[in-house]
Amino acid sequence: MKKILLIVVIGILCPYLHGQSYPQHSAGVRIAGGSYGHANDRSGARLILGGEACVYCEGTRALFLEYSHFFPPSSDAYDNADLVAAGIRLQTRQKTRFFFDVGIAAGNSRMRSTSTSTVGAALGVGLQVSVGEHFYLSPFFRTYPMNRSYISGSFGAGLGWRF
């Protein structure tokens with residue numbers, strides 16, 4: 001955990017050390033549909049609500065952070081689930097930016113009387129489309145292969161503010 005925090009702090013300080021001007025950040029909310037569960041489970045789709053942030057987003061590399069809350073699926077097997085992820089975003093510099101995210105994820109899935117925590121990778125692709133000077137719309141696809149044979153995936157859109 002200390003190594004991860006050190007990497008994040010170094011990543012945040014790097015633009016200042018190289019003399020870059022005020023960095024551009026973004027934060028927003030997202031809505032999606034997807035799944036979270038054991039790889040063999042077919043419990044059905046879930047509604048997903050969450051938040052997203054991008055730090056130092058003006059260049060071709062940035063840091064992303066996200067939180068997703070998975071509501072219960074249509075089956076009775078699972079209750080809610082939560083997932084957090086962070087990592088590196090590789091993106092183009094155009095007004096409409098294509099991005100690719102790769103990072104680490106940690107999640108917790110709750111069933112009737114038990115809870116399962118998982119750790120894995122975060123992989124995502126999407127577009128960030130400018131809507132005016134400060135706002136953006138961001139359709140995306142994400143997948144999270146996890147330990148204990150769990151997997152999560154989502155397809156949705158984010159809406160946010162650049163500052």
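These are my notebook entries on what I looked up in one protein structure, which is a predicted model.

**Entry 1: the chain as a whole**

I began with the elements of the protein chain, and I found one helix and eight strands. Reading along the sequence, I wrote the pattern down as α-β-β-β-β-β-β-β-β, with the helix symbol at the start and the strand symbols after it.

Next I looked up how much of the protein chain is covered, and I noted that buried residues make up 40% of its 163 residues. For the outside, I noted that the chain exposes about 9,000 Å², and that carbon and sulfur atoms supply 68% of this area. I also checked the contacts with a separation of 6 or more, and residues 24 or more positions apart account for 57% of them.

**Entry 2: the nonpolar core**

Which residues of the largest nonpolar core touch the most other members? Of the 16 residues in this core, I listed Tyr-36, Leu-83, Ala-85, Ala-105, Tyr-144 and Met-146 as the answer. I then asked where the core residues come from, and I found that strand 1, strand 3 (61-70), strand 4 (78-91), strand 5 (96-111) and strand 7 (135-145) each supply at least two. The largest share, four residues, comes from strand 4. I added a general remark beside this entry: in soluble globular proteins, nonpolar side chains tend to be buried together.

I followed one of these core residues further, and I wrote down that Ala-85 touches Phe-64, Leu-65, Glu-66, Ile-104, Ala-105, Ala-122 and Tyr-144, leaving aside residues up to four places away in sequence. Two of the names in that contact list, Ala-105 and Tyr-144, I had already written down among the core residues that touch the most other members.

**Entry 3: a glycine in strand 1**

Is Gly-37 buried or exposed? I found that Gly-37 lies in strand 1 (residues 26-38), and that Gly-37 counts as buried because its relative accessible area is 6%, which is under the 20% cut-off. Not counting residues up to four places away in sequence, Gly-37 touches Tyr-78, Ser-149, Tyr-150 and Ile-151. I also looked up the separation between the C-alpha atoms of Gly-37 and Thr-116, which is 9.6 Å, although these residues are 79 residues apart along the chain.

**Entry 4: the disulfide**

How many disulfides does a search of the whole structure find? The search finds one, and I noted that it joins Cys-54 to Cys-57, with an S to S distance of 1.8 Å. Both partners turned out to be buried, since Cys-54 has a relative accessible area of 2% and Cys-57 has one of 5%.

**Entry 5: salt bridges**

I counted six salt bridges in the structure. As a general point, I reminded myself that side chains of opposite charge can pair when their charged atoms come close.

Glu-66 forms a salt bridge with Arg-30, and their closest N and O atoms are 3.4 Å apart. This pair links distant parts of the chain, with Glu-66 in strand 3 and Arg-30 in strand 1, 36 residues apart. I found both Glu-66 and Arg-30 to be buried.

I then turned to Arg-89, which forms a salt bridge with Asp-101, the closest N and O atoms being 2.8 Å apart. Because Arg-89 lies in strand 4 and Asp-101 in strand 5, the pair ties together parts that are 12 residues apart in sequence. Arg-89 is buried, with a relative accessible area of 7%, and Asp-101 counts as buried at 0% relative accessibility.

Asp-101 also forms a salt bridge with Arg-142, for which I wrote down a distance of 2.9 Å between the closest N and O atoms. This pair, too, links distant parts of the chain, with Asp-101 in strand 5 and Arg-142 in strand 7, 41 residues apart. Arg-142 is buried, as Asp-101 is.

What links Arg-30, Glu-52, Glu-66, Arg-89, Asp-101 and Arg-142? I found that these residues are joined in a network of salt bridges.

**Entry 6: a nonpolar patch on the surface**

Last, I looked at the surface, where Ile-88, Leu-90, Phe-98, Phe-100, Val-102, Leu-123, Val-125, Leu-127, Phe-141 and Phe-155 form a nonpolar patch with about 840 Å² of accessible area together. The elements that give two or more residues to this patch are strand 4, strand 5 and strand 6 (115-131). I checked one patch member on its own: Phe-141 is found in strand 7, and Phe-141 is partly exposed, with a relative accessible area of 42%.

Methods
Residues are numbered from 1 along each chain as its sequence is written. This is a predicted model: local features need pLDDT of at least 70, side-chain atom pairs count only at pLDDT 80 or more; totals for chains, interfaces and linings use all residues. Side-chain values use heavy atoms; hydrogens and water are left out. Buried means under 20% relative accessible area, exposed over 50%, partly exposed in between (1.4 Å probe, protein chains only). Contact means heavy atoms within 4.5 Å. A nonpolar core is a set of buried Ala, Val, Leu, Ile, Met, Phe, Trp, Tyr and Cys residues joined through side-chain atoms within 4.5 Å. A disulfide is a pair of cysteine sulfur atoms within 2.5 Å. Patches are made of residues with over 30% relative accessible area and no salt bridge: like charges are joined within 9 Å, nonpolar side chains (Val, Leu, Ile, Met, Phe, Trp, Tyr) within 5 Å. Accessible areas come from the Shrake-Rupley method with a 1.4 Å probe; for residues, only the protein chains shown count as cover. A salt bridge is a side-chain nitrogen of Lys or Arg within 4 Å of a carboxyl oxygen of Asp or Glu.
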